[in-house]
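Please open the model in your viewer and keep the sequence panel beside it, since this tour moves from one selection to the next.

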Amino acid sequence: MTETSDSRPIAWAAQMRTVHERLREALELAEDGLEDAGTPEGVDVLLYCWGFCAALTGHHGAEDETLFPAVLRDRPDLTEAVGRLRQDHSMIEHLLNGLRDAVGTGASPDVLRQHLDGVGAVMESHFRYEQRELLGPLGYLELDVEPQRALGPLA
């Protein structure tokens, strides 16, 4: 796609959807890893859980630092929605810290699954709200940064 003022904004909305899908896939990998935990052919659950946590934290940090300020410059009427999204980020980070602690202390697969289920439920609700509120405005956003800076490492 050519980087024109007309095509660039559409890329931001598409890029957000892509990052959200990649984060869903990362969560699925972590969940799937729990199925084989403790077996000889099992995957390293620690690796998948840490990777998922790092990717989600990086995504939300990039939004808070780069994307949201740009959105609010163009659309101050979205202050309430962005405030709610930032609150979600804080809540999700709290849940991720619980998951990290559980992984770090060698919690059972059942306990890890409970943590992943909680993070996944809040994450999905957050993504739906974020896309409902921001995909339209992202269609007009002019932001001249690399996608990873605005949407995190999976962009």
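## Starting at a buried alanine

Select Ala102 to begin: its relative accessibility is 7%, so Ala102 counts as buried. This is a predicted model, and Ala102 has its place in helix 3. Show the surroundings of Ala102 and, leaving out residues up to four places away in sequence, you will find that it touches Ala107, Val111, Leu112 and His115. If you draw a distance from Ala102 to His115, the two C-alpha atoms are 8.2 Å apart in space, while the residues are 13 apart in sequence.

## The whole chain

Zoom out and colour by secondary structure, which comes to 5 helices and 0 strands, so that the order from the N terminus on reads α-α-α-α-α. Colouring by accessibility instead, you will see that buried residues make up 41% of the 155 residues in the protein. Among the contacts between residues at least 6 apart in sequence, 81% join residues at least 24 apart.

## Helix 2 beside helix 3

Next, select residues 45-74, which form helix 2, together with residues 79-104, which form helix 3; the two pack at an angle of about 160°, and their axes are 10 Å apart. Angles over 145 degrees count as roughly antiparallel, and that angle therefore makes helix 2 roughly antiparallel to helix 3. Turn the view until one helix lies in front of the other, and you can follow helix 2 as it passes helix 3 in a left-handed crossing. Colour the residues of this contact by class, and they divide into 15 nonpolar, 4 polar and 5 charged.

## Helix 2 beside helix 4

Keep helix 2 selected and add helix 4: here the axes come within 13 Å and cross at roughly 25°. Since angles under 35 degrees count as roughly parallel, helix 2 and helix 4 are roughly parallel to each other. This crossing, too, is left-handed as helix 2 passes helix 4. Show side chains on both partners: from helix 2 the contact includes Val45, Cys49, Phe52, Leu56 and His59, and from helix 4 it includes Leu112, Leu116, Val119, Met123 and Phe127. By class, the residues of this contact are 14 nonpolar, 3 polar and 2 charged.

## The nonpolar core

Which residues touch the most other members of the largest nonpolar core? Select Phe52, Leu56, Leu67, Leu99 and Leu138, which hold that place among the 43 residues of the core. The elements that give two or more residues to this core are helix 1 (7-35), helix 2, helix 3, helix 4 (109-138) and helix 5 (147-151), and helix 2 supplies the largest share, 10 residues. As background to this stop, nonpolar side chains tend to be buried together in soluble globular proteins.

Now centre on Leu67. Leaving aside neighbours within four places in sequence, Leu67 is in contact with Met16, Ala62, Leu138, Leu141, Leu143, Ala150 and Leu151.

## A buried histidine and a buried arginine

Move to His59, whose place is in helix 2. Is His59 buried or exposed? With a relative accessible area of 1%, His59 is buried. Beyond residues up to four places away in sequence, His59 touches Val19, His20, Leu23, Phe127, Glu130, Leu151, Gly152 and Pro153.

Then select Arg24 in helix 1. Its relative accessibility is 18%, and because buried means under 20%, Arg24 counts as buried. With neighbours within four places in sequence set aside, the contacts of Arg24 are Met123, Glu124 and Phe127.

## Two prolines toward the end of the tour

Pick Pro147, which lies in helix 5. Outside its neighbours within four places in sequence, Pro147 is in contact with Trp12, Gln15, Gly152 and Ala155. A distance drawn from Pro147 to Ala62 spans 85 residues along the chain, while the C-alpha atoms are separated by 9.4 Å.

Finish at Pro153, found in the segment after helix 5. Not counting residues up to four places away in sequence, Pro153 touches Ala55, Gly58, His59 and Gln148, so displaying His59 again shows this contact from the other side, because contact means heavy atoms within 4.5 Å. As a last distance, take Pro153 to Thr57, which are 96 residues apart in sequence and 9.5 Å apart in space, C-alpha to C-alpha.

Notes
Residues are numbered from 1 along each chain as its sequence is written. This is a predicted model: local features need pLDDT of at least 70, side-chain atom pairs count only at pLDDT 80 or more; totals for chains, interfaces and linings use all residues. Side-chain values use heavy atoms; hydrogens and water are left out. Axes are lines fitted to C-alpha atoms, for helices over the stretch in contact, and angles run from 0 to 180 degrees between N-to-C directions. Helices (H or I, at least four residues) and strands (E, at least two) are DSSP runs, numbered from the N terminus. Angles under 35 degrees count as roughly parallel, over 145 as roughly antiparallel, 65 to 115 as roughly perpendicular and the rest as oblique. A crossing is left-handed if the near helix is turned anticlockwise from the far one by less than a right angle, and right-handed if clockwise. Ala, Val, Leu, Ile, Met, Phe, Trp, Tyr, Cys and Pro count as nonpolar, Asp, Glu, Lys and Arg as charged, and the others, Gly among them, as polar. Buried means under 20% relative accessible area, exposed over 50%, partly exposed in between (1.4 Å probe, protein chains only). A nonpolar core is a set of buried Ala, Val, Leu, Ile, Met, Phe, Trp, Tyr and Cys residues joined through side-chain atoms within 4.5 Å.
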